[in-house]
Amino acid sequence: MNEAGRLLEIKDLYVQFSVYGGKLHVLNGVDFFMYPGEKVGLVGETGCGKTTTMKAILRVLPSPPAVIPHGDIVFDGQDIMRMKEENLSRVRGRGISMIFQDPTAALNPVFTIGEQLEAVIKHSAPPGKSPTGPEIHQQAVNALKEVSLADPERLLHNYPVQLSGGMRQRVCIAMALAANPKLLIADEPGTSLDVTIQDQVLRLLRRLVEEHDTSVILITHTLGIVRETTNRVYVMYAGTMVETAATEKLFSQPLHPYTQGLISTVPRLSGGGIASGIPGRIPDYRNPPTGCRFHPRCPHVMDICRQKKPPNYQIDAEHSVACFLYEKDGSANPQKETGQQ
Amino acid sequence: MENVINSRKRLKTTISAEQIKNLEWASRRENLGRAWYKFSRNPMSVVGLVIVVSLILVAIFAPFVAPHPKHAGPFTDFANAKIPPGLQYLFGTDQIGRDILSRIIFGLRSSLLMGVLVLALVVPPGVLLGLMAGYFQDAWIDTLITRVTDIFLAVPPLILALAVASVLKPNLWNGMLAVSLMWWPWYTRLVYGLTTALRNEYFVSAAEVTGASTAHILFREILPNTLSPILTKMSIDIAWVIIIGSMLSFVGLGVQPPEPSLGTMIADGSRYLPDQWWIAVFPALAIVLIVLGFNLMGDGVRDMFAAEES
Amino acid sequence: MTEDILTVSNLKKHFVIGHTGRFSKRKPITVKAVDGVTFSVHEGETIGLVGESGSGKSTVAYIAIGMYQPTSGSIRFRGQELFQDKNKRPRHLRKAIQIVYQDPGSSLNPRQNIKQILEMPLRIHQPNANHLEQIVYLLEIVGLPPEYMYKYPRMLSGGEKQIVSIARALATDPSMVILDEPTSALDVSVQAKTINLLLDLQKEFQLSYVFITHDLSLMRNVSSRVAIMYLGKICEVAETIDFFRNPLHPYTQMLLSSIPVVTEEEEELKPKKVISTGEIPSPVNVPSGCSFHSRCPFVMDICRQVDPVMVEAEPGHKVRCHLFTQPAPVSVAGPG
């Protein structure tokens, strides 16, 4: 895979937080990339660092206590880490848009849907081409029609509290896509919704993403959603990307012990009982485990796992795994040999 | 059918009572450490704390700290009256020849005493009423308490204090009573709002369905969650009570002469502005310092209770 | 047949949330959270109660635990009516039925440490016992070391908080535990551990569970019988295996088709005919006739006018849908 033409690239990102009793070493050398048009899933459990990573991309991590000692983020050819604040606000919203887990919290309860949607449309217009009032209004109506909301004219005058959860999430999608972003980051978009409504919202998202040709990062801890919606997946554990593969391959041939454990714990519709889960708990980021951060919980742990951080081994074109079990199978990615501990 | 509690004969964990005591002390130390960490994040809070502690110590040890302790009582020395600030009298002397610094130090005593005693008088009943009204929302007790609170709040506070103070004999204690009568409703209202929100939390329901007594729910479940706003308010209120108390003595309704009080000192000194400015200005600055100290400390108290990020 | 530990008969709970109109035309606005629910829980079994927002599943739980009074209908624990004395539920009934709440964040008092949290039920129901010893024991049976006693909830992970809630529920030595979405807020690997703990505890202490959830995959592996609720009424009740092999109600099929699954094998099991459409109506404005008719792909004229009754389509498999109404329907108040 050549590096040119990548829409987003994160290289060796480290993020720490200063707290009572020391520092939390949250991100431990995160690597991530995607090409335009891809739908990439980011799977990980609570506390693995996926939200921190996304906030780092948008540079919205509160700066004390967050510290970024190392790492590069390049979006659409631009260096995010070194960008000036004025330029960053152009990237946020127009280059990258986000949908959040809780649509109720994402919408301001004291403004109507119309006011919020039109504000987004106005701000995301390219500089020099500000649309007029009626044009903005029409765009807002079209945006609501696109997300399959009935009676958009009336809806624009409603307040968020008058809408159901599913409708609010659709409004958030409309707002996120109104700016025609190159990249849409969806953070657990269906989790707070009922399952039948979640299904509708995700189908809508898939359709719109196809139509707009937007690239998507879908962050979730629900594996089933990733399987239905993405074409490539990253699995994250304790601040490191432990495995990445094409979606189908990840589910049919998971390599990393954490991925295997994770998939096995999902209850099956076909029955068979509940798996015993992964022993242990997520590490204390003040004193994370040495070497591979998963080693205290790994059923296949070896001596080297306790000492060195495993590099990314490339198994095939899209599949790589950060685990010493695959030392002989893949070729090590040279830039990962010397990671900081 | 085997039940849970009887099965404890098969307890595998062994831990001695002493080890449990150690755990308890260790956890208390950790809690204090965390609390201090959060308090001291902002250096101005520590400054506030230093000011407040110093003022308290000075007030307690007034007879030993003040350079001329006798000046805080009946004392006249017209030969040395109206001397500007200098080496012998650091803040100068007033129109009767009394050392202003010493009088401020003793005046601090009555101010701080007023602040502490008023709050001690006001907070427990105010909080209790708020808890009861909030927990039994919409019952008769709620209506009774909230209406009475509303009535007291409807009267302009200073007027109420003046009215009460002027009816009773003017002295420090009656001044405190007057201020107390106008102060308690604020705590009731604060706790009422907090309680109505908290009573719907699942942990309160868990206690209710298990059969906990109302006293347990009010004092063990709900009250600890209201401490943060209450304590923050208290640390800022002390300053306000002191100001109100000074206002009362300024109009002659609080501490009576010859006992020193910051308010009366400002009142007396105002007649000699601007020539003998020190007679009024230094007591005023003292009040400013007290208020500043408590407010800064109050910020720290609020930070101390702030929820930690996970 | 063993006696049922819980018998719910035509239970209704209506909330009045306001009024419309003025003076003589003033009418209350009612939320029919639970609108005629009948089912039974057998001793020692786990019955799953499944539904989405507005289904009333949590309200049923809160009535069983004593948080709400029913508007009408009866709910009996081992034959004894739970709401005999309007004001006070007797102590032995409070002990016998406990609950684990959904949100680990708000079900534990953030200003109390674990010892105080577990002490509360012990002090009420076992005032003279050695509480410290009992607390250490409770922590042990849920797999937490005694050091956790002095920790505060914010120091615990979500899974650990739920485990403490479970320990608190067990402290009164209950016979039945209502689990209100106990793992919905947890990550999937933590969910596995917690569910396994619940199943072990059930075996060891012969507990009956009412397991409330919206996750049918979880239900498939945990409960012996399943009941689906929609807008305050039960749509379908069956043994788990029958239920998944042959889901009858269109809403059940819609639920099953919406579940995200992780294997091809499961994908095959999902009903293909019914895809989720439409919004869930608000319980203030329940559609006339069959409450599901506004979203049902098989809707007929009768569905818009008449509310179907529960019939036994197969032995042990009941459904409330006009597609199955026989000439002589089984009455609603039948055995579980």
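**Exercise 1. Find how strand β1 of chain C is paired with strand β4 of chain C, and place the pair in its sheet.**

Solution. Strand β1(C), residues 4-20, and strand β4(C), residues 72-77, run antiparallel and are joined by 5 bridges. The model is predicted: local features need pLDDT of at least 70, side-chain atom pairs count only at pLDDT 80 or more, and totals for chains, interfaces and linings use all residues. Residues are numbered from 1 along each chain as its sequence is written, and chains are lettered from A and ligands numbered from 1 in the order in which they are written.

Two terms are needed here. Strands (E, at least two residues) and helices (H or I, at least four) are DSSP runs, numbered from the N terminus. Two strands pair if DSSP finds at least two bridges between them.

Step 1: take a register point. Ser9(C) has Ser74(C) in β4(C) as its bridge partner.

Step 2: extend to the sheet. The sheet is open and has 4 strands, in the order β2-β1-β4-β5 of chain C, with antiparallel pairing.

Step 3: look at the edges. β2 (27-42) and β5 (80-81) of chain C each have a single partner strand, so one side of each is left without a neighbour in the sheet.

Step 4: add the helix. Helix α1 (residues 57-65) of chain C lies across β1, β2 and β4 of chain C and runs at about 110° to β1(C). Contact means that the C-beta atoms of two residues, placed from the backbone, lie within 7 Å. Axes are lines fitted to C-alpha atoms, for helices over the stretch in contact, with angles from 0 to 180 degrees between N-to-C directions.

**Exercise 2. Trace the pairing of β4 in chain A on both of its listed partners.**

Solution. Step 1: β1 (residues 8-19) and β4 (residues 66-75) of chain A are joined by 7 bridges and run antiparallel. In this pair, Ile10(A) stands opposite Ile73(A).

Step 2: β4(A) also pairs with β5 (residues 78-79) of chain A, again in the antiparallel sense, over 2 bridges. Here Val74(A) is opposite Asp79(A).

Step 3: inspect the turn. The hairpin of β4(A) and β5(A) has 2 residues between the strands, and Asp76(A) takes a positive phi near 50°.

**Exercise 3. Classify the packing of α7 against α10 in chain B.**

Solution. Step 1: the axes of α7 (residues 172-198) and α10 (residues 227-250) of chain B come within 11 Å and cross at roughly 155°.

Step 2: assign the class. Angles under 35 degrees count as roughly parallel, over 145 as roughly antiparallel, 65 to 115 as roughly perpendicular and the rest as oblique. α7(B) and α10(B) are therefore roughly antiparallel to each other.

Step 3: assign the hand. The crossing of α7(B) and α10(B) is right-handed. A crossing is left-handed if the near helix is turned anticlockwise from the far one by less than a right angle, and right-handed if clockwise.

Step 4: list the contact. Residues of α7(B) including Gly175(B), Ala178(B) and Leu194(B) meet residues of α10(B), among them Pro229(B), Lys233(B) and Leu248(B). The contact of α7(B) with α10(B) has 10 nonpolar, 2 polar and 1 charged residues. Ala, Val, Leu, Ile, Met, Phe, Trp, Tyr, Cys and Pro count as nonpolar, Asp, Glu, Lys and Arg as charged, and the others, Gly among them, as polar.

**Exercise 4. Describe the two sides that touch chain C, and one helix pair between chains A and C.**

Solution. Step 1: the contact of chain A with chain C takes 37 residues from chain A and 30 residues from chain C. On the chain A side, α8 (195-212), α9 (223-229) and α11 (257-264) each supply at least two residues. α8(A) gives the most, with 6 residues. By class, this side has 13 nonpolar, 17 polar and 7 charged residues.

Step 2: examine α8(A) with α10 (residues 250-258) of chain C. Their axes come within 8 Å and cross at roughly 50°, which makes α8(A) oblique to α10(C). The crossing of α8(A) and α10(C) is left-handed. Val195(A), Thr196(A), Gln198(A) and Asp199(A) meet Met254(C), Leu255(C) and Ser258(C).

Step 3: turn to chain B. Its contact with chain C takes 29 residues from chain B and 35 residues from chain C. α8(B) provides the largest share of the chain B side, 7 residues. That side divides into 14 nonpolar, 8 polar and 7 charged residues.
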